[in-house]
Amino acid sequence: MNATSISPQSLAIHGGEPVRVTLLPYGRQSVDEADIRAVVEVLRSDWLTTGPKVAEFEEAFAARVGAAHAVSFSSGTAALHAAAFAAGLKPGDEAITTPLTFAATANCVLYQGATPVFADVCHDTLNLDPEQIGSKISARTRALLPVDYAGHPADLTPILEIARRHGLVVIEDACHALGAEYEGKPVGSIADMTVFSFHPVKHITTGEGGMVATNNLQFAETLRRFRNHGISSDARQRQSAGHWYYEMVLLGFNYRLSDFACVLGLQQLKRLDGNLTRRREIAARYLAAFSQIPAVIPPAVQPGVDPAWHLYPIRLDLEKLTAGRGEFFRALRAENIGVNVHYIPVHLHPYYRSQFGYKGGEYPVAEHAYERLISLPMFHAMTEQDVEDVIAAVSKVANHYAS
Ligand SMILES: Cc1ncc(COP(=O)(O)O)c(C=O)c1O
């Protein structure tokens, strides 16, 4: 492009001024000085792992999500694996899930030697469509695995109703949805088991970490054993009871979360409500701005739902644009907006294609959405200026490519 034709309104990808000087990431943790002091204190204590902070974090977490039990894990993925085990998934079984998720959701079914079966998503929320589940149920189906995509709870009432009718366990992947509400109830209090992640881009972080919330004591006991080699007691329980004897009663793993990670989680949990309020404010600002841009479709919110807004995935109306998603994405990146895409539908990953013969076209709603999705920055520490920058960049790029 000729240098004389570059104006501040030219897209940065064409040599114009970017909206921001530095890259705004799509998600980011917030760790404060009090968090650091609390972690250091535990590092100086007797217990680095499976000490008092594990139980304290689990109790506070269970209370916050309205569940009778919460069991911590070394990651959300480990928590999903444990939930798949506790649900009794084994070779020959099937579990029905959404293709529009992070691969870990379906992988946990594979870890158990069972088969993930996908059902397409609703066009509006992009969550597992209850109406698509029926035709996927077979004599082998044992579990349903809905995901709360972007922090919007899956449609749990019809999903639980289907599960009860067919004797299935519902494992809700709520890795995006800590603090979300569905029909007035907190996510974590509704499904048979609800799985959370504490990866740094999530609402609260422990570095790596995860949790399963459940109201079922038997599931909770199995989950606790599974994360500790299948052993029936932990080292601290044995020390306080003054005996050494233990038995391994099932084949488990070491999926424990350390005491210093749990104290970080405890600290972060205190700020969850503030974080959710901020994310909801940002979502409201985005909605007001993007409703004015014809080519941008903001995420839908079902009545009776209060999403937790882990992500803010817009969809492009490609018929109203002269550019495809790829160019639109690159143009936003050039403006220093750290956009992302969530997700490549799981069945389209090379591993799933080669193992199960997927070719594309099997889940048209998820695939159509995938080609149009762009996740905008969404995290509680975003400043007003950050929010303005995202809106300015999306408007600038959408205006440029408006057809
Ligand atoms: C929907 C979903 N499920 C599971 C996971 C896995 O969580 P973790 O990264 O804590 O293992 C993630 C992580 O990003 C996720 O987004």
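Modeller: Two strands pair if DSSP finds at least two bridges between them. Helices (H or I, at least four residues) and strands (E, at least two) are DSSP runs, numbered from the N terminus. The model is predicted, so local features need pLDDT of at least 70 and side-chain atom pairs pLDDT 80 or more, while totals for chains, interfaces and linings use all residues. Residues are numbered from 1 along each chain, and side-chain values use heavy atoms, without hydrogens and water.

Biologist: Which residue in β7 does Tyr 182 stand opposite?

Modeller: Strand β6 covers residues 181-182 and is joined to β7 by two bridges. These two strands run antiparallel. Across from Tyr 182, in β7, stands Lys 185.

Biologist: Which strands stand at the edges, each with a single partner strand?

Modeller: Three strands form an open sheet with antiparallel pairing, in the order β7-β6-β11. An edge strand has a single partner, so one of its sides is left without a neighbour in the sheet. In this sheet the edges are β7 (185-186) and β11 (305-306).

Biologist: Which residues of strand β2 point the other way from Glu 94 and Ile 96?

Modeller: In a regular strand the side chains alternate between the two faces of the sheet. Strand β2 spans residues 94-97, with Glu 94 and Ile 96 pointing one way. All four of its residues are buried, that is, under 20% relative accessible area with a 1.4 Å probe and protein chains only (exposed is over 50%, partly exposed in between). Pointing the other way are Ala 95 and Thr 97.

Biologist: Which residue in β4 does Glu 94 stand opposite?

Modeller: Strand β2 pairs in the parallel sense with β3 (residues 115-118) over four bridges, and in β3 the bridge partner of Glu 94 is Thr 115. Strand β2 also pairs in the parallel sense with β4 (residues 141-145), over four bridges. There, Glu 94 stands opposite Thr 141.

Biologist: Is Ile 133 buried or exposed?

Modeller: Ile 133 is found in helix α5, residues 130-133. Leaving aside neighbours within four places in sequence, Ile 133 has contacts (heavy atoms within 4.5 Å) with Ile 96, Ala 119, Leu 128, Leu 144, Ile 159 and Ile 162. Because its relative accessibility is 0%, Ile 133 counts as buried.

Biologist: What distance separates the C-alpha atoms of Ile 133 and Arg 20?

Modeller: Along the chain, Ile 133 and Arg 20 are 113 residues apart. In space, their C-alpha atoms are separated by 44 Å.

Biologist: Which element gives the most to the largest nonpolar core?

Modeller: A nonpolar core is a set of buried Ala, Val, Leu, Ile, Met, Phe, Trp, Tyr and Cys residues joined through side-chain atoms within 4.5 Å. The largest has 35 residues, and those with the most contacts inside it include Tyr 286, Phe 328 and Leu 376. At least two residues each come from α10 (272-290), β12 (312-316), α11 (325-334), β13 (373-376) and α14 (384-401). With eight residues, the element that gives the most is α14.

Biologist: How many residues are in the other core?

Modeller: In the largest core, Leu 376 touches residues including Tyr 26, Tyr 286, Ile 314 and Val 394, not counting residues up to four places away in sequence. Apart from that core lies another, which includes Ala 78, Ala 86, Val 109 and Val 212. The size of this other core is 30 residues.
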